[in-house]
Amino acid sequence: MKVKVGIVGTGSTVGIAHFHAEGLKKDKRAEITAVYNLNEKTAAAFSNAHGLTATICRTYSELLELVDAVVICTPNYAHIDYVVGAILNGKAVFVEKPLAVDYEECRKALSALENNKVFNMVGFVYRFSNHAVAVKKLVSEKIGKIYTITVSYGGTRLANPMVPLEWRMEKELSGSGSLGDFGSHLIDLLSFTCGLKVKHISCQTNTFIKVRPSNSNGKTIVENDDAAVFAVTGENGEICSVLTSRVGMDNINLCIAGEGGLLRADFSEGNMLFMPKAINGAYTGTKEYIDISFQKQFSELFETQMECFINGVLGQEVSICTIEEGAYNEKILSLAEESSHEMIIKTIS
């Protein structure tokens with residue numbers, strides 16, 4: 001018997017739902033039986049493009065009646081209502097990151113889960129990269145206690161000032177900009193690979209392209225950040241610096257130093273560098289290159305992520321970011337944004 005999955009939100013710009021659909025189609029245990037989008041024509045076109053026989057639903061309630069599990073790919077501002085609806089109807093739920101536009105919204109999902117225990121997952125896809133798995137293993141086996149972390153991540157599409165204003169640039173619809181988009185990935189990645197638990201955070205942000213061509217509503221002013229930099233102190237004393245940008249930055253770059261040595265990883269390359277150190281001693285002077293198996297970006301990451309989701313729906317033990325962890329991630333980012341406005345260090349409680 002296949003898991004009946006409904007996709008909510010089929011995209012209009014980046015179209016992240018495409019990758020989820022492709023991942024689900026490759027998992028023979030799952031079947032996409034329903035699709036819902038505010039624009040029915042867009043939903044129908046999405047279904048046709050993927051060769052689906054899914055029902056094009058007129059309402060979210062209709063979709064919930066047809067499925068066992070829901071995959072939510074809507075813009076950030078719409079996540080929580082769909083998440084809560086799935087939980088209250090006893091459906092397993094996957095939601096693209098971030099969980100919500102701010103921590104206060106996340107509380108609605110946490111409250112719904114108190115009396116409705118369903119399998120739930122927030123989509124931080126880089127947990128499923130071969131690089132992340134290799135970093136986690138090396139930190140555990142060779143680096144040990146972590147001293148410092150530096151990490152960066154971003155993109156280049158929005159570096160073009162002629163890209164019209166979109167929902168990612170409106171505060172009400174997206175929350176923060178680069179901070180919440182790329183920063184949420186990095187906070188989760190460091191939690192997964194390094195066990196980082198944030199104690200203090202201080203952040204600065206800036207918007208470089210302040211005005212863009214108008215969107216369909218005539219808006220032109222960019223309301224959130226193009227780039228962010230924040231410093232973190234972990235509960236175990238680690239010091240971490242994070243840089244994000246949506247107006248010009250490459251793939252994930254990570255450097256970790258600890259009692260057992262130093263690791264450098266570029267997630268776009270086929271290997272990573274480890275420089276071992278004698279515990280309570282000096283660096284040995286040797287360099288070890290660790291090969292990383294190639295993954296096709298982004299399709300193979302999403303395939304693995306959707307396989308993990310179906311595993312969880314079927315009751316198997318999985319390593320994921322839960323809604324509870326996703327809410328904690330958003331709490332950190334919300335306090336980081338507050339810090340950028342107030343120019344003070346925030347304590348995570």
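Which residue stands opposite V95 in β6? Let's work up to that with a few exercises.

This is a predicted model, where local features need pLDDT of at least 70, side-chain atom pairs count only at pLDDT 80 or more, and totals for chains, interfaces and linings use all residues. Residues are numbered from 1 along each chain as its sequence is written, and side-chain values use heavy atoms, leaving out hydrogens and water.

**Exercise 1.** Find the partner of V95 and place its strand in the sheet.

*Solution.* Start with the terms: strands are DSSP runs of E with at least two residues, and helices are runs of H or I with at least four, both numbered from the N terminus. Two strands pair if DSSP finds at least two bridges between them. Next, β5 (residues 92-96) and β6 run parallel, joined by four bridges. Within β6, V122 stands opposite V95. Now zoom out: the open sheet has six strands in the order β3-β2-β1-β4-β5-β6, paired in parallel. β3 (55-56) and β6 (120-123) are at the edges with a single partner strand each, so one side of each has no neighbour in the sheet.

**Exercise 2.** Trace the pairing from β8 to β10.

*Solution.* First, β8 (residues 198-206) pairs antiparallel with β9 (residues 227-234) over eight bridges. There, H200 has T233 in β9 as its bridge partner. Then β9 runs antiparallel to β10 (residues 239-245), with seven bridges. T233 turns up again, opposite I239 in β10.

**Exercise 3.** Explain whether helix α8 is largely enclosed or not.

*Solution.* Count the buried residues (under 20% relative accessible area, 1.4 Å probe, protein chains only; exposed is over 50%, partly exposed in between). In α8, 15 of the 17 residues are buried, so the rest of the structure largely encloses this helix.
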